[in-house]
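Subject: Handover of a structure

Hello,

I am passing this structure on to you. Please have a look at it first; my notes follow below.

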Amino acid sequence: MEPFVVKENSLVSASSPLKKRRIDHTQAKADGSAVLDSNSNIDGAGGDETRMNMDALGDNSNNHEIDEDLHSRQLAVYGRETMRRLFASNVLLSGMQGLGVEIAKNIILAGVKSVTLHDENVVELWDLSSNFVFTEEDVGKNRALASVQKLQELNNAVAVSALTEKLTKEQLSGFQAVVFVDISFEKAIEFDDYCHSHQPPIAFIKADVRGLFGSLFCDFGPQFTILDVDGEEPHSGIIASVSHENPAFVSCVDDERLEFEDGDLVVFSEVEGMKELNDGKPRKIKNVKPYSFVLEEDTTSYGAYMKGGIVTQVKQPKVLNFKPLREAIKDPGDFLLSDFSKFDRPPLLHLAFQALDRFSSQAGRFPVAGSEEDAQKLVEIATDINESLGDARLEDVNPKLLRHLAFGSRAVLNPMAAMFGGIVGQEVVKACSGKFHPLFQFFYFDSLESLPKEPLDASEFRPQNRRYDAQISVFGSTLQKKLEDARVFVVGAGALGCEFLKNLALMGVSCGTQGKLTVTDDDVIEKSNLSRQFLFRDWNIGQAKSTVAATAAAGINSRFNIDALQNRVGPETENVFDDSFWENLTVVVNALDNVTARLYVDSRCVYFQKPLLESGTLGAKCNTQMVIPHLTENYGASRDPPEKQAPMCTVHSFPHNIDHCLTWARSEFEGLLEKTPAEVNAYLSNPVEYMNAMRTAGDAQARDTLGRVVECLDKEKCNIFQDCITWARLRFEDYFVNRVKQLIYTFPEDANTSTGAPFWSAPKRFPRPLKFSSTDLSHINFIMAGAILRAETFGIPTPEWAKTPTGLAEAVERVIVPDFEPRKDAKIVTDEKATSLSTASVDDAAVIDELISKLEQCRLSLQPEFRMKPIQFEKDDDTNYHMDMIAGLANMRARNYSVPEVDKLKAKFIAGRIIPAIATSTAMATGFVCLELYKVLDGSHKVEDYRNTFANLALPLFSIAEPVPPKVVKHQDQSWTVWDRWVIKGNPTLKELLKWLEEKGLNAYSISCGSCLLFNSMFPRHKERMDKKVVDLAREVAKVELPAYRRHLDVVVACEDDDDNDVDIPLVSVYYA
């Protein structure tokens, strides 16, 4: 599976100079009463039985203003209602070690109302191994107090405060959710009993990270309603027919496969004939197939189905009945499984964490790393607990696993904290909003595969009085040295990149005398980055991401040897990232947002045989892929199929959903406001060259381009703002009136296809022209955005009155709109395979000459310095009218075709191609990756020790599996994979290269460099090249320019064996220096 792509794929920094808001915990109270009244069980709830007082999820009656520029990516995941509930929620977080601060970071970035941090203990040097807000200067200070200021900087809209005294259960009453980290079972049961019985219930979460082990428990009360189980948009289909029978059979058009499931509830709309289905009543379906389903309803008495109709899934709320901790610990039910190779692990870890709790209660401390005596004591306690379980006892308590738990029990490792911080942060969001399915109820995880493969002496675990002592207590000092001396390349400094830099700094990666980390990103910081790219602050907007992220990461660990670059990684920067650069790397970490860059980095890592740690996120989903030389397949070995694109004729003439309308709107925006002005400037900058190029092209595309340029400088040229209003008003008439009149004239409502079938059958929707009205605000807003942007392209100032609907309406009324008569010879493309709307004509060359003549006349009337200002679409500035224009175009078109319209925010998501992104899944992904980094740097792990991950925090779902090995090619007694590259040194001639291959039992019949043939056995003249050096042939024939830093040349060789069977061989590198 291809890693998800996200445009962040950037990170965080310090706080805004705005006044910091803090509140005492006694102020952080939310009004609220009963959660719900339901007799439903875990299997679900629906209908009138489920009632929920939303005050229990935070009072959203305040109608909080949402900063859509800041939270746009998060809004794409959660929606406005969820965000409003979050903004009204107060959260308590107890325990500010590494896991606590990761959870706090994620929920503060999410944007709750308040976060109260509680901790009674002081910062130790040990804590610096996993807590990114602590520095050496904080040692000895209270953990909560030392955390407040830096966490407050993440989001000034969240009130962050500290509690340092002993916590009582009564203090929990003012919170919607409470999270306890590093708390005993005895105390946790006391607090959870209070939360469970409180009215409304308080969501209780207990989380722990112990070395490479983690546990999580959730109790959201006796009856918790999930408003949206998975966060996915309701699926829909276009109806083709509905039968008259009991039960009814419904078929849908084969435009897209149905995503329904048996038992789903659906509603019907726009059905013609069988109008009884349009009553909005949810109906149950079964026997779902790709393009049909059975409706559990008798339609024999209904009207006869004629045509049309949309069927849409209805999402149902679900009620979960959580058990309190005191009951759940004895009867945990089903555990959430993450790694199917460890299906028997969760019950064992359930026992192990209870044993560890009893050990710490009895000894007043956790086991000492490397102490066999403490490890044995833990095994004995676990055995005693297991024996007391009767029939539920485990066959084996696994002393080896318990030994590892004992050794690392005091350590909070940063990758584990990052991973669990993402998971717990998401559970808090669920508790406060009812969005997504909560974890029910226990989750256990371990990554023992991350440990060094060789047994370690007890001396390896001894503390060194360094910030890495917690990590050393788990992995030993030898691996710590490898981490510090690693040479790492992090590609991207967005959301993933910021999290990675934080993690690597805390782990001590590249913090030694031999170590170095290079991070590169060619992007700059935007406001929308701040909601998840936590190394950035509002005063960093406009600055280079890599530079700001590197500075912030160095602030986390002053020994971090980090170098920030602003170069894009690609063929054009191989002079920067040259052979020497790649050869000296230890590992590459991708934090990218596009597939093209990922594939390039993957190809470089394969070429230079470097490990690549790949990851990506999409909303609540994330995945990770380990690309390890000679052990796993590379990233490019498997590719997701390309997304299905709507046919051009559908987008331009026959849209049937809002996506089609927005795709068209974005295309029109770019054509009118960017491409045509750019063409005008290209012409004016060099008229002779431009005209010659058009004559040379001489095709329909050149004809249409010239036509638009002439139109822009002639009939549609604007000199004053009133001209821009006229242009926008006539555009409205052209797009939403005249074109529709022409379409329905050419294809009337009763038109048939050549086969006799109705032309306007599903999925086509019959359009109707609009009638402009200056009292319709959506019409006026379209004119306003169009006129203002048109004025910008011509450099005409916009008067203030034009930004008000009333002022603009008066000016619009003065525009004279000519009558329109449909043409009988109009050609409208209906072929779904057509890739262009331009239709060629035998007269194209003559028309081009005529247009060039007109263009020259237009140029003579212009000032010599006249140039237009092309407008590049920018989705994240709500003041620039770009999204107003696109939303107006799309919604007016949707109104033509009776397609549901969307607001500007939803239009921004679709037209702006915004990738949904949240901090929680990003943090979790980087945690998973950094657990793999331990294995890479240890260097002795096998493919079965590595893990690829797919996770969906919304469900929640974790699917962790071994990577796929690379494909092996065998020939005689040799074998190779994509990771192999054959090297021949000594600056060989063509003859010597062919002989070298013959010695491997291979007969080369073709050798190419780039797109040029250096040798082909079919061409007799190529035999004259035999005594020439391969590198000289490349220079002479392929015109290859070899840079000074390059020492070799790569050639692709096509070979056969002695039986004339083709053999795929690796790339051949010919070294000439």
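Does Asn-465 count as buried or exposed? Asn-465 counts as exposed, because its relative accessibility is 66%, and the cut-off for exposed is over 50%. Asn-465 sits in the loop that runs between β15 and α11 (469-475). Its phi is near 55°, a positive value in a residue other than glycine.

Before the rest, a word on confidence. This is a predicted model. The mean pLDDT of the protein is 91, and 93% of the residues reach 70 or more. Two stretches stay under 50. One is residues 1-55, for which the model has 204 contacts beyond four places in sequence. The other is residues 58-63, with twelve such contacts. Where pLDDT is low, the predicted coordinates should not be read in detail.

Backbone

Most residues other than glycine have a negative phi, and most peptide bonds are trans. Besides Asn-465, a positive phi is found at Tyr-881, where the value is near 70°. Tyr-881 belongs to the loop between α24 (844-860) and α25 (882-896).

Phe-440 and Gln-441 are joined by a cis peptide bond, with omega about -15°. Gln-441 is in the loop between α10 (414-433) and β15 (442-446). Another cis peptide bond joins Ala-762 to Pro-763, and here omega is about 10°. The loop that holds Pro-763 runs between α21 (721-746) and α22 (777-794).

Sheets

Strands of a sheet pair through backbone hydrogen bonds, either parallel or antiparallel.

One open sheet has seven strands in the order β3-β2-β1-β4-β5-β6-β15, and its pairing is mixed. At its edges are β3 (159-163) and β15, each of which pairs on one side only. On average, neighbouring strands of this sheet are turned by 15° against each other, direction ignored. Within the sheet, β1 (residues 90-94) and β2 (residues 114-118) are parallel and share five bridges. Asn-90 has Ser-114 in β2 as its bridge partner. Helix α4 (residues 143-152) lies across β2 and β3, at about 175° to β3.

Another open sheet has eight strands, in the order β18-β17-β16-β19-β20-β21-β22-β23, again with mixed pairing. Its edge strands, β18 (562-565) and β23 (957-961), have a single partner strand each, so one side of each is left without a neighbour in the sheet. Here the average turn between neighbouring strands is 10°, direction ignored. Strands β20 (residues 612-618) and β21 (residues 621-627) run antiparallel and are joined by seven bridges. Gly-616 stands opposite Asn-623 in β21. Helix α16 (residues 595-608) lies across β16 (487-491), β19 (587-590), β20 and β21, and runs at about 165° to β20.

Cores

How many residues does the largest nonpolar core have? The count is 178, and the residues with the most contacts inside this core are Leu-117, Leu-151, Leu-172, Leu-216 and Phe-443. Helix α27 (residues 919-938) supplies the largest share of the core, eleven residues. Apart from this core lies another, of 81 residues, including Met-694, Leu-743, Leu-808 and Leu-851.

To return to Leu-117: beyond its neighbours within four places in sequence, its contacts include Leu-93, Met-96, Ala-144, Leu-151, Val-160 and Leu-163.

Regards

Notes. Residues are numbered from 1 along each chain as its sequence is written. This is a predicted model: local features need pLDDT of at least 70, side-chain atom pairs count only at pLDDT 80 or more; totals for chains, interfaces and linings use all residues. Side-chain values use heavy atoms; hydrogens and water are left out. Helices (H or I, at least four residues) and strands (E, at least two) are DSSP runs, numbered from the N terminus. Buried means under 20% relative accessible area, exposed over 50%, partly exposed in between (1.4 Å probe, protein chains only). Two strands pair if DSSP finds at least two bridges between them. Axes are lines fitted to C-alpha atoms, for helices over the stretch in contact, and angles run from 0 to 180 degrees between N-to-C directions. Contact means heavy atoms within 4.5 Å. pLDDT is the predictor's confidence in each residue, from 0 to 100. A nonpolar core is a set of buried Ala, Val, Leu, Ile, Met, Phe, Trp, Tyr and Cys residues joined through side-chain atoms within 4.5 Å.
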